[in-house]
Amino acid sequence: MSQDKATLDAKTVAKIAHLARIKVPEEEQAHLADELNKLLGWVEQLGEVDTNGVEPMTSVAAQTLRRRPDQVTDGGYPDAVVLNATDAAEHFFSVPKVVE
Amino acid sequence: MTNLTHLSMSDALDGLKKKEFTAVELTEAYVKAVEAARPLNAFITETPEIALEQAKASDARYAAGTNGPMDGMPLGIKDLFCTKGVLTTAASHILDGFKPAYESSITANLFRDGAVMLGKLNLDEFAMGSANITSYYGPVLNPWTGKDPAAAERKLVPGGSSGGSAASVSGRFAIAATGTDTGGSIRQPASFTGIVGLKPTYGRCSRWGTIAFASSLDQAGPMTRTVRDAAIMLQSMAGFDPKDSTSVDMPVPDFQAALTGDIRGLRVGIPKEYRVEGMPAEIERVWQQGIEWLKEAGAVPVEISLPHTKYALATYYVVAPAECSSNLARYDGVRFGLRVEGKDLQGMYENTRGEGFGKEVRRRIMIGTYVLSAGYYDAYYLKAQKVRARIAEDFAKAYEQCDVILTPTAPSTAFAIGEKQDDPISMYLNDVFTVPASLAGLPGMSVPAGLAADGLPLGLQILGRPFDEVTLLRVAGVMEQAAGAQPLPPFCR
């Protein structure tokens with residue numbers, strides 16, 4: 001396929017893991033790199049398909065997106081919204097402090 | 001008295017109308033069956049109190065003559081459908097304790113029509129898998145065991161991701177179940193357990209309130225013991241839903257009326273590319289038999305070509321992980337489910353998601369994140385979307401020559417837990433025959449076609465034109481008739 005494809009190393013895996021916000025312990029990074037490389041290597045076969053002039057398929061729905069009037073149709077139940085929060089206070093979701 | 005749990009849904013509905021038994025009696029029989037089937041691990045949550053409450057209300061409706069089309073039918077609900085006030089897990093640790101404040105459109109439709117909920121069924125974590133072995137709640141066992149006594153000791157998978165759904169319907173501890181199909185998750189488990197599984201056209205059933213895996217592919221459908229039951233259940237599930245922007249606003253036909261048995265002159269496409277290398281002779285034999293059955297009923301087999309078939313799996317394993325990495329971004333330990341503290345907010349996110357997601361889900365999120373990342377988007381994601389267009393085009397061309405397509409559902413019968421786990425790709429190959437139609441958004445159905453030499457069920461897959469579930473069901477009905485009565489799984493004998 002194209003030259004902009006890299007073989008993943010442990011460092012790249014750590015970067016992807018960070019982008020995905022998933023903690024991957026250092027000792028697992030090499031193994032995961034190996035697995036991801038195998039999968040990406042297998043996917044390389046798509047390069048054999050001639051897709052010149054082909055529009056990318058973004059949806060199988062045979063319709064354009066519907067529009068509706070810009071009106072509020074739902075809401076007004078904060079209790080239900082925060083019902084499953086691990087830490088809620090006065091209808092707010094609480095998270096660890098982010099401002100120093 | 002007849003064994004209530006062995007009745008088909010259509011027979012059970014007749015029995016209720018004729019007052020041969022009550023909805024409470026039917027539900028009680030199923031609640032007992034669910035308890036007896038615990039060793040199969042098909043349910044994550046049992047809801048017998050809700051079921052009996054609903055059954056009582058159902059009896060009142062029968063007495064008043066206001067009963068709905070599925071009144072009193074005890075269903076299993078795949079634990080990917082949000083159910084108001086009832087634990088909904090997607091078989092993931094990350095949704096610990098999640099009790100939705102709302103009801104999915106699919107379950108709401110089923111309850112509107114009188115259905116009873118026995119509980120929430122096990123599945124692969126976030127519906128990612130083909131063997132129901134990635135569930136946080138442990139694997140589901142197939143009610144089928146092999147013919148050979150040594151093989152009977154092996155614990156077989158029910159297929160996946162709708163493994164609990166397939167096991168409960170096949171094992172006679174749910175009269176029918178909801179499934180979802182992203183790349184074959186209704187059809188492949190239906191084949192592995194000897195039941196009927198229907199994936200409708202994308203847009204036919206609402207996705208609202210169903211936990212998302214890959215939004216351009218996910219579609220809910222019925223898993224039942226008979227083709228007629230699939231028609232009855234699809235009737236209740238289907239329909240336009242303004243809350244799902246991809247739900248299609250078109251009339252829902254009368255699916256039971258499709259079961260005329262008349263397929264004379266119907267052209268049945270046989271794709272030559274589905275004869276894959278290394279496919280067991282048994283699969284080929286069953287496929288040929290299916291062709292014969294349809295020919296005897298007056299249909300005309302036509303050889304067709306779907307040239308991009310071999311690229312479907314690789315396309316799927318770019319598109320589906322990309323969509324999953326985006327959809328699963330919402331599990332962050334803030335709004336629902338598990339939270340694992342960290343040194344700061346970022347640390348909390350990473351710890352929560354590192355612990356909360358299982359191995360396969362993590363792998364797919366990582367692949368998806370990579371193929372969507374700057375520098376690789378065009379080479380992987382855009383390329384896959386273009387190949388997807390090619391695959392869809394193959395089907396559009398094929399349907400100029402035929403009305404439906406007949407293929408095997410899966411390249412093997414059920415395998416044992418632990419097999420095909422050496423590398424992810426060998427597991428992905430399970431879906432080689434089901435993924436292409438998913439990518440094209442087409443309806444597909446698996447119908448039991450008897451037992452293979454190893455004594456395990458095998459299904460045949462019928463694919464149709466967009467929104468032509470009616471023809472699918474008609475062909476499926478003919479095939480069911482030709483295949484004759486199917487044996488009970490060893491678990492029920």
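A residue counts as buried if 20 or more other C-beta atoms lie within 10 Å of its own, as exposed if 12 or fewer do, and as partly exposed in between. Keep that cut-off at hand for the exercises below, and remember that the model is predicted.

**Exercise 1. Chain A on its own**

Task: Find what share of the 100 residues in chain A is buried, and compare the radius of gyration of the chain with that of a compact globule.

Solution.
- Start with the elements: chain A has 3 helices and 2 strands, and along the sequence they follow the pattern α-α-α-β-β.
- Next, apply the burial cut-off: 18% of the 100 residues in chain A are buried.
- Then turn to the radius of gyration, which is 22 Å for chain A, whereas a compact globule of 100 residues would have one near 13 Å.
- Finally, look at the extent: the C-alpha trace of chain A spans about 55 × 45 × 25 Å along its principal axes.

**Exercise 2. Where chain A touches chain B**

Task: Work out how many residues of chain A are in contact with chain B, and which helix gives the largest share of that side of chain A.

Solution.
- Count the contacts: 43 residues of chain A meet 58 residues of chain B.
- Sort the chain A side by element: α1 (10-19) and α2 (26-43) of chain A each supply at least two residues.
- Pick the main contributor: α2(A) provides the largest share, 6 residues.
- Sort the chain A side that touches chain B by residue type: 27 are nonpolar, 8 polar and 8 charged.

**Exercise 3. A strand inside the sheet of chain B**

Task: Place strand β4 (residues 176-181) of chain B in its sheet, and decide whether its residues are buried or exposed.

Solution.
- Lay out the sheet: it is open, with 11 strands of chain B in the order β1-β3-β2-β4-β6-β5-β10-β11-β9-β7-β8 and mixed pairing.
- Mark the edges: β1 and β8 (300-304) of chain B each pair on one side only. The twist from one strand to the next averages 30°.
- Find the partners of β4(B). With strand β2 (residues 74-78) of chain B the pairing is parallel, over 2 bridges; with strand β6 (residues 219-224) of chain B it is antiparallel, over 5 bridges.
- Check residue positions: B:Leu75 stands opposite B:Ala176, B:Ala177 opposite B:Met223, and B:Thr178 opposite B:Pro222.
- Recall a general point: in a regular strand the side chains alternate between the two faces of the sheet.
- Apply it here: B:Ala176, B:Thr178 and B:Thr180 point one way from β4(B), while B:Ala177, B:Gly179 and B:Asp181 point the other way, and all are buried.
- Conclude: since 6 of the 6 residues of β4(B) are buried, the strand is largely enclosed by the rest of the structure.

**Exercise 4. A helix and the nonpolar core**

Task: Explain why helix α6 (residues 163-170) of chain B is described as largely enclosed, and name the residues with the most contacts inside the largest nonpolar core.

Solution.
- Test the helix: 8 of the 8 residues of α6(B) are buried, so the rest of the structure largely encloses it.
- List what surrounds it: the buried residues of α6(B) pack against β1 (43-46), β2, β3 (116-121), β4, α7 (187-193) and β6 of chain B.
- Look just past the helix, where B:Arg172 has a positive phi of about 60°.
- Move to the core: it has 169 residues, and those with the most contacts inside it are B:Tyr30, B:Leu75, B:Ala176, B:Val318 and B:Ile462. Helix α10 (residues 312-327) of chain B gives the most to this core, 10 residues.
- Follow one member: beyond four places in sequence, B:Leu75 touches residues including B:Leu110, B:Val116, B:Leu118 and B:Ala176.

**Exercise 5. Two residues, one cut-off**

Task: Assign B:Gly197 and B:Val470 to a burial class.

Solution.
- Locate them: B:Gly197 lies in strand β5 (residues 196-199) of chain B, and B:Val470 in helix α16 (residues 469-483) of chain B.
- Classify B:Gly197: because 36 other C-beta atoms lie within 10 Å, B:Gly197 is buried.
- Classify B:Val470: with 18 other C-beta atoms within 10 Å, B:Val470 is partly exposed.
- Compare contacts, setting aside neighbours within four places in sequence. Those of B:Gly197 include B:Gly179, B:Met223 and B:Met445; those of B:Val470 are B:Pro253, B:Phe255 and B:Ala258.

Methods. Residues are numbered from 1 along each chain as its sequence is written. Chains are lettered from A and ligands numbered from 1 in the order in which they are written. This is a predicted model: local features need pLDDT of at least 70, side-chain atom pairs count only at pLDDT 80 or more; totals for chains, interfaces and linings use all residues. Helices (H or I, at least four residues) and strands (E, at least two) are DSSP runs, numbered from the N terminus. Two strands pair if DSSP finds at least two bridges between them. Two residues are in contact if their C-beta atoms, placed from the backbone, lie within 7 Å. Ala, Val, Leu, Ile, Met, Phe, Trp, Tyr, Cys and Pro count as nonpolar, Asp, Glu, Lys and Arg as charged, and the others, Gly among them, as polar. A nonpolar core is a set of buried Ala, Val, Leu, Ile, Met, Phe, Trp, Tyr and Cys residues joined through C-beta atoms within 7 Å. Axes are lines fitted to C-alpha atoms, for helices over the stretch in contact, and angles run from 0 to 180 degrees between N-to-C directions. The radius of gyration is taken over C-alpha atoms; the globule rule is 2.2 Å times the number of residues to the power 0.38.
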